[in-house]
Amino acid sequence: MAGEISSIKCSVSYGASATRPTAKTGYTVTLSGVKSISEVNSEPSQLDTTTFDNQTFRSYILGLIDMGGSVTLTANNTDTFQTEWAALISAAATAKAANPQQYIWFVVEFPGLANAFYFRGEPVALGMNAVGVDEVVEVDAYVSLSEVYGWAAKPTVSP
C-alpha cells in the first residue's frame, strides 16, 4: 500500500467569508448525513487549432475549465439535514445582504490527507429525490459553484 485512504469520517463544513478561511474557526458548521459528493473535475476544454497543414492528427490548445456548474451533496433526508440545509440557505442570504462580497466557503476534509478541497458557492433550496419501495430516503442538495479553489492545506486549529 502507498498510503491509500478511506472516505470514512470525511466531512463537509462551511462558513461565510469574503476570502477563503484558512482557520478551522472559519468553517462554523459541519453538515451531517452527507453520504456522497459529486465530482469537481478540472478537465479543460480542448480548442481545435488544426490547420490544413495537419495531415494525420488534429492539434489542440487548452481552453477554459468547466467545473460543472454545481456540486451535489447526497444526504440521508432527515429532519436534521433539512434543518441544517435551511440554516445554510439562511446564512448565505444573510451574508450576501450584509456584504455582496461575502460568500459561503465549503471545505471537504479527509482523515489521512494533509490537504482539504475548497470551493465557494450558493446553496439551492432542497427538492425531493425519486423514492422507491424499500429504499433509504435521500435528498440531493446542490451548491451552485462560483469558485473552485481546489486542494490546499487543511484549516488550521488555533491553540
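Is Lys35 buried, partly exposed or exposed, and what is its relative accessible area? Keep that in mind; we will come back to it at the third stop. What you have open is a predicted model.

**Stop 1: the whole chain**

Start with everything shown as a cartoon. The protein chain has one helix and nine strands, and along the sequence they run β-β-β-β-β-β-α-β-β-β. Zoom out until the C-alpha atoms fit in view: they fill a box of roughly 60 × 50 × 45 Å along the principal axes. The radius of gyration is 19 Å, whereas a compact globule of 159 residues would have one near 15 Å.

Now switch on the surface. About 10100 Å² is accessible, and 56% of that belongs to carbon and sulfur atoms. Buried residues account for 28% of the 159 in the chain.

**Stop 2: helix 1**

Select residues 79-98, which form helix 1. From the first C-alpha to the last, its 20 residues reach 28 Å, close to the 28 Å expected at 1.5 Å a residue. Next, show the side chains of Phe81, Glu84, Trp85, Leu88, Ala92 and Ala95, which are buried. Turn the view to look down the helix axis: the buried residues fall within an arc of 100°, so they line one face of the helix. On the other side, colour Asp79, Thr83, Thr94, Ala97 and Ala98, which are exposed.

**Stop 3: Lys35 and Glu138**

The whole structure holds five salt bridges, and we will visit some of them. Select Lys35 and Glu138, whose side chains meet at 3.0 Å, N to O. This pair links distant parts of the chain, with Glu138 in strand 9 (residues 138-153) and Lys35 in strand 3 (residues 34-37), 103 residues apart. Here is the reply to the opening question: Lys35 is partly exposed, with a relative accessible area of 42%. Glu138 is also partly exposed, at 28%.

**Stop 4: back to the helix, at Lys96**

Show Lys96 and Glu122, another salt-bridge pair at 3.0 Å, N to O. Lys96 sits in helix 1 and Glu122 in strand 8 (residues 115-123), 26 residues apart. Lys96 is partly exposed at 44% relative accessibility, and Glu122 is partly exposed at 42%.

**Stop 5: Arg120 and Glu147**

Finish with Arg120 and Glu147, whose side chains form a salt bridge of 2.9 Å, N to O. Arg120 belongs to strand 8 and Glu147 to strand 9, so the pair ties together parts that are 27 residues apart in sequence. Try the surface again here: Arg120 is buried, at 13% relative accessibility, while Glu147 is partly exposed, at 29%.

Note on methods:
Residues numbered from 1 in each chain as written. Predicted model: local features only at pLDDT ≥ 70, side-chain atom pairs only at ≥ 80, totals over all residues. Heavy atoms only, no water. Helix = DSSP H or I, 4+ residues; strand = E, 2+ residues; numbered from the N terminus. Expected span 1.5 Å × (residues − 1). Buried < 20%, exposed > 50% of the residue type's maximum accessible area, 1.4 Å probe, protein only. Arc of directions from axis to C-beta. Rg over C-alpha atoms; globule rule 2.2 N^0.38 Å. Areas by Shrake-Rupley, 256 points an atom, 1.4 Å probe, with all protein chains shown as cover. Salt bridge = Lys/Arg side-chain N within 4 Å of Asp/Glu carboxyl O.
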